[in-house]
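Biologist: Could you walk me through this one and tell me what stands behind each label?

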Amino acid sequence: MKFPLFDPTVSVMTAAAESESDAHWMRQALAAAHEARARDEVPVGTCIVVGETVLAVAGNRTRTDGDPTAHAEIVALRQAARNAGNYRLAEAVVYSTIEPCVMCAGALIQARVKRLVFGARDERAGAVESRFRVCDTDFLNHRIEVTAGVLEAECREVMQEFFRARRRKMLDAGCGA
C-alpha cells in the first residue's frame, strides 16, 4: 500500500475551506465598517479570531473618540488583548477590510499576530504591500502571514462610496472639490 506524501485533493479542500472561512470573517469586518460609516467614520472594519472564537470586532472610531490612534485595527487589537488576557495574540488571525497603515501594521507586529487577511489595498498609505512591507520585513523580529484580496470588491466599494458621498456633500455645501 502506497501513502503519497502530497495529496492534491486535501490541499485543494483545505484551501477552499480556508477561503470560505476568510470570507465569513471578512463579512464580520465589513459589518463593522458599515457601522463605522453610520457614525460618519471612514468605513474600515476589523475582526480578530482565534480558531472559531471571535476575540474582537471593531470599526474606525477616530472621530467618535477624538483619538487619532482609534483605527479599526488598533481598537480591535486592544479589545482582543483584553479578551485574551494577553497582549500577545500569537494564534490570532486579523481580518481588515482595508490594507493596514504603518501604525496598524506595526501594532500587528507588536501583538505577534499569526496572520493578516485584508480586503482591498490602500494604494496611498498601505503598509503591508502597497507602500511599505512592514509585516514581512527582515528588519523586524516577527513576520506575519498575509492574504490579500478577500472580498476585495465589496471592501473597496464601501470606501469608494463613502468618499464619493463626502465629495458630493462638500460640493453641495460650496466647498469645492
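Modeller: Let's start with V113, which sits in the loop between α4 (102-111) and β4 (115-120). Bear in mind that this is a predicted model.

Biologist: Why is V113 called buried?

Modeller: Buried means under 20% relative accessible area. V113 comes out at 0%, so the label fits.

Biologist: What is V113 in contact with, leaving aside its neighbours within four places in sequence?

Modeller: The list is L77, L89, A90, A92, V94, L108, H142 and I144. Contact here means heavy atoms within 4.5 Å. As for I48, which is 65 residues from V113 along the chain, the two C-alpha atoms are separated by 9.6 Å.

Biologist: And R112, in the loop between α4 and β4: what makes R112 count as buried?

Modeller: Its relative accessibility is 18%. The cut-off for buried is under 20%, so R112 counts as buried. R112 also has a positive phi, about 60 degrees, although it is not a glycine.

Biologist: Which other residue has a positive phi although it is not a glycine?

Modeller: L151, with a phi of about 50 degrees. L151 is in the loop between β5 (145-148) and α5. With a relative accessible area of 17%, L151 is buried too, because the limit is under 20%.

Biologist: On to the rings. How many aromatic pairs does a search of the whole structure find?

Modeller: Just 1. The partners are F162 and F163.

Biologist: How do you know that F162 and F163 form a pair, and why is it called edge-to-face?

Modeller: A pair of aromatic rings is described by the distance of the centres and the angle of the planes. Ring centres have to lie within 6.5 Å, and for F162 and F163 the distance is 5.0 Å, so they pair. Planes over 60 degrees apart count as edge-to-face; these are at 85 degrees, so that is the name they get.

Biologist: Are F162 and F163 buried or exposed, or in between?

Modeller: F162 has a relative accessible area of 4%, so it is buried. F163 has 28%, so it is partly exposed: that class lies between 20% and 50%.

Biologist: Which residues are closest to the centre of the largest pocket?

Modeller: The largest pocket has a volume of about 610 Å³. Of the 23 residues that line it, I98, D122, R124, M159 and F163 are the closest to its centre. α5 gives the most to this lining, 6 residues; α3 (72-84) and α5 (152-172) each supply at least two. By type, the lining residues of the largest pocket divide into 11 nonpolar, 3 polar and 9 charged.

Biologist: What volume does the second largest pocket have?

Modeller: About 180 Å³. It is lined by 14 residues, and the closest to its centre are S21, G51, V93, Y95 and R115. Here α1 has the largest share of the lining, with 4 residues, and α1 (8-38), β1 (45-50) and β3 (93-98) each supply at least two. The lining of the second largest pocket splits into 5 nonpolar, 2 polar and 7 charged residues.

Biologist: What pattern does the protein follow along the sequence?

Modeller: It reads α-β-β-α-α-β-α-β-β-α, which comes to 5 helices and 5 strands. Of its 177 residues, 40% count as buried. The protein exposes about 10,000 Å², with 55% of that supplied by carbon and sulfur atoms.

Technical notes. Residues numbered from 1 in each chain as written. Predicted model: local features only at pLDDT ≥ 70, side-chain atom pairs only at ≥ 80, totals over all residues. Heavy atoms only, no water. 1 Å grid on protein atoms, 1.4 Å probe; cavity = no way out; pocket = protein on both sides within 12 Å on 5 of 7 lines; lining within 4 Å. Points joined across faces, edges and corners; volume = space filled by probe spheres on them. Nonpolar A, V, L, I, M, F, W, Y, C, P; charged D, E, K, R; others polar. Phe/Tyr/Trp six-rings, centres within 6.5 Å; stacked < 30°, edge-to-face > 60°. Buried < 20%, exposed > 50% of the residue type's maximum accessible area, 1.4 Å probe, protein only. Areas by Shrake-Rupley, 256 points an atom, 1.4 Å probe, with all protein chains shown as cover.
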